[in-house]
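Trainee: Could you take me closely through the contacts that side chains make with one another here, with charged pairs and then aromatic rings in turn? I am new to this structure, so please explain each term as you go.

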Amino acid sequence: MSRELTVVVLAAGGGTRMRSKTMKVLHPVGGRSMIGHVLKAVEAVEPRRIVAVVGHQRETVGAHIQALVPDVVLAVQEEQRGTGHAVRVAMDALAAEGTTGTVIVATGDTPLLRGESLRAFAAEHEAAQRAVSVLSAIVADPFGYGRILRDHEGDVEAIIEEKDATIDQREIAEINSGILAFDAEFLIEALPRIGNDNAKGEYYLTDLVQLARDAGLTVGAHAIDDPWQTEGANDREELAQLGAELNRRIVGQWMRDGVTVMDPATTWIDADVVLAQDVTILPGTQLLGATVVAEDAVIGPDTTLKDCEVGAGARVVRTQAELAVIGAEATVGPFSYLRPGTQLGARGKIGGFVETKNAVIGDDAKVPHLSYVGDAEIGEGTNIGAGTIFANYDGVAKHRTTVGRHARTGSHNTFVAPIAIGDGAATGAGTVVRRDVPPGALAVSSGPQRHLEGWAQRKRAGTAQAAAAASAVAAAEAAAQQAGDVAEDSSQDRGPDLG
């Protein structure tokens, strides 16, 4: 392939059938925007330049594209007047430096497009020295697509749009994917000659096929054997279909790479997720964003991880986590919620109904039950008692709690930050810790237990509670009386025999 390769990506349309405030090309599929997938495929071709044509919501779309491809050239199509007009805008944006070699035009809404397919298309176009090449596909339902018209020798004669096609032409199953390749010199010369005498009054890029044939130049089609790669999404239903197909392919590839997926039908894996061999994924699991899972880890069932790192041999069950790090051989769940900034050390534990946020939990440390750990650091080997609350917010600012190594805290504690609990320290059950605890010390805050006898009978008279209490007291008194009588009789029996 020539090094003089330019790719134009069309992303100016409004996508009104999406019925969304979000531009069509920005809708996510498999963890990336649709145009993000296209740009990934385009970069695999290693073009000299990438030009993105933007229009509707140009600030938002342009910023998104620049974040993905910083050196992209943005061309603004002020008024959407067809694909031919859009490409002319792109070429005008490059006019100062000139364009030679091959120009590929791709659409921004084909998320299943693969880089290797685009590369094969470009290579065939250049090898055949064509003026125009069309990436085509045979589809079961060609409705809405431009049809490829071939002559008796099988060469591409024209591309006819749906609205301009005859009844017979609409029966043709070979469709134009919207992805075309051009000789740059021909493209620049011919673009101004495209007319708009058609049903929509637009300038169709596909009219260049006829202009090339009229000039005696070569026009061909590269038929792709995977039509899904050319499929776009015009509404939410089509978007869901593309998402399901992409996920099926991603899950299947990971299984071929040595990952066990118990139920592919209920497993969703984003395109940028990385899994090691011998990972096991149980039903109902979603691995999203840039999640990375190391070997022998078991994820699920019913677990959602987004942008997380999971260490080797870890076990994560019925958990939701985002921007969290889970160490090797650690265990999480069930019903745990790991919020951003959570770091669980090797062999650590975050147990049932535990929520963590911005918390560093050391190696072999455990938060087993029913707790909230926010803005905290817990040292190696420490155990946090059930029902513990790290009270990190004073109503104005967040504060941090530090618990040292091998500490043992009691159940139902509240740590009122900012505080520090020393290495080897302990806290009693029900303790509210408001001051630093020295290493090795036991902190308690509750007073002596008191009993207000007869409270239920006085304060809850007439209730089942009062009746139960009265009955229990009466039974206890009767038992005590009976025990006293038995003791008295026994004492009499042991008296001297004077007879």
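Side-chain contacts

Mentor: Let us begin with Asp-109, which forms a salt bridge with Lys-24, their closest N and O atoms lying 3.0 Å apart (the term asks for a side-chain nitrogen of Lys or Arg within 4 Å of a carboxyl oxygen of Asp or Glu). This contact joins distant parts of the chain, 85 residues apart, with Asp-109 in the loop between strand E6 (102-107) and helix H4 (115-127), and Lys-24 in the loop between strands E1 (5-11) and E2 (28-29); helices (H or I, at least four residues) and strands (E, at least two) are DSSP runs numbered from the N terminus. Asp-109 is buried at 12% relative accessibility, and Lys-24 is buried as well, at 14% (buried is under 20% relative accessible area, exposed over 50%, partly exposed in between, with a 1.4 Å probe and protein chains only).

Before going further, please keep in mind that this is a predicted model, in which local features need pLDDT of at least 70 and side-chain atom pairs count only at pLDDT 80 or more, while totals for chains, interfaces and linings use all residues. Residues are numbered from 1 along each chain as its sequence is written, and side-chain values use heavy atoms, with hydrogens and water left out.

The structure holds 21 salt bridges, and another of them brings together Glu-162 and Arg-147, at 2.6 Å from N to O. Glu-162 belongs to the loop between strand E9 (156-160) and strand E10 (174-183) while Arg-147 belongs to strand E8 (147-150), so this pair ties together parts 15 residues apart in sequence. Glu-162 counts as buried at 12% relative accessibility, and Arg-147 is likewise buried, at 2%.

Strand E8, where Arg-147 lies, pairs with E9 in the antiparallel sense over four bridges (two strands pair if DSSP finds at least two bridges between them). Within this pairing, Leu-149 has Ala-158 in E9 as its bridge partner, and in the hairpin of E8 and E9, with five residues between the strands, Gly-154 takes a positive phi near 90°.

In helix H7 (236-256), Glu-245 and Arg-248 are three residues apart, which separates them by about one helical turn, and their side chains meet in a salt bridge of 2.7 Å, N to O. Here Glu-245 is buried, at 9% relative accessibility, whereas Arg-248 is exposed, at 53%. Both belong to a network of salt bridges that also links Asp-226 and Arg-249.

Turning to the rings, the structure has two aromatic pairs (rings of Phe, Tyr and Trp, the last by its six-membered ring, pair if their centres lie within 6.5 Å; planes under 30 degrees apart count as stacked, over 60 as edge-to-face and the rest as tilted). The rings of Phe-335 and Phe-353 have centres 5.1 Å apart and planes at 20°, so this pair is stacked. Phe-335 is partly exposed at 45% relative accessibility, and Phe-353 is exposed at 54%. For Phe-390 and Phe-415, the centres are 5.0 Å apart and the planes stand at 80°, so the pair is edge-to-face. Phe-390 lies in strand E31 (389-391) and Phe-415 in strand E34 (414-416), so the contact ties together parts 25 residues apart in sequence, and both Phe-390 and Phe-415 are buried.
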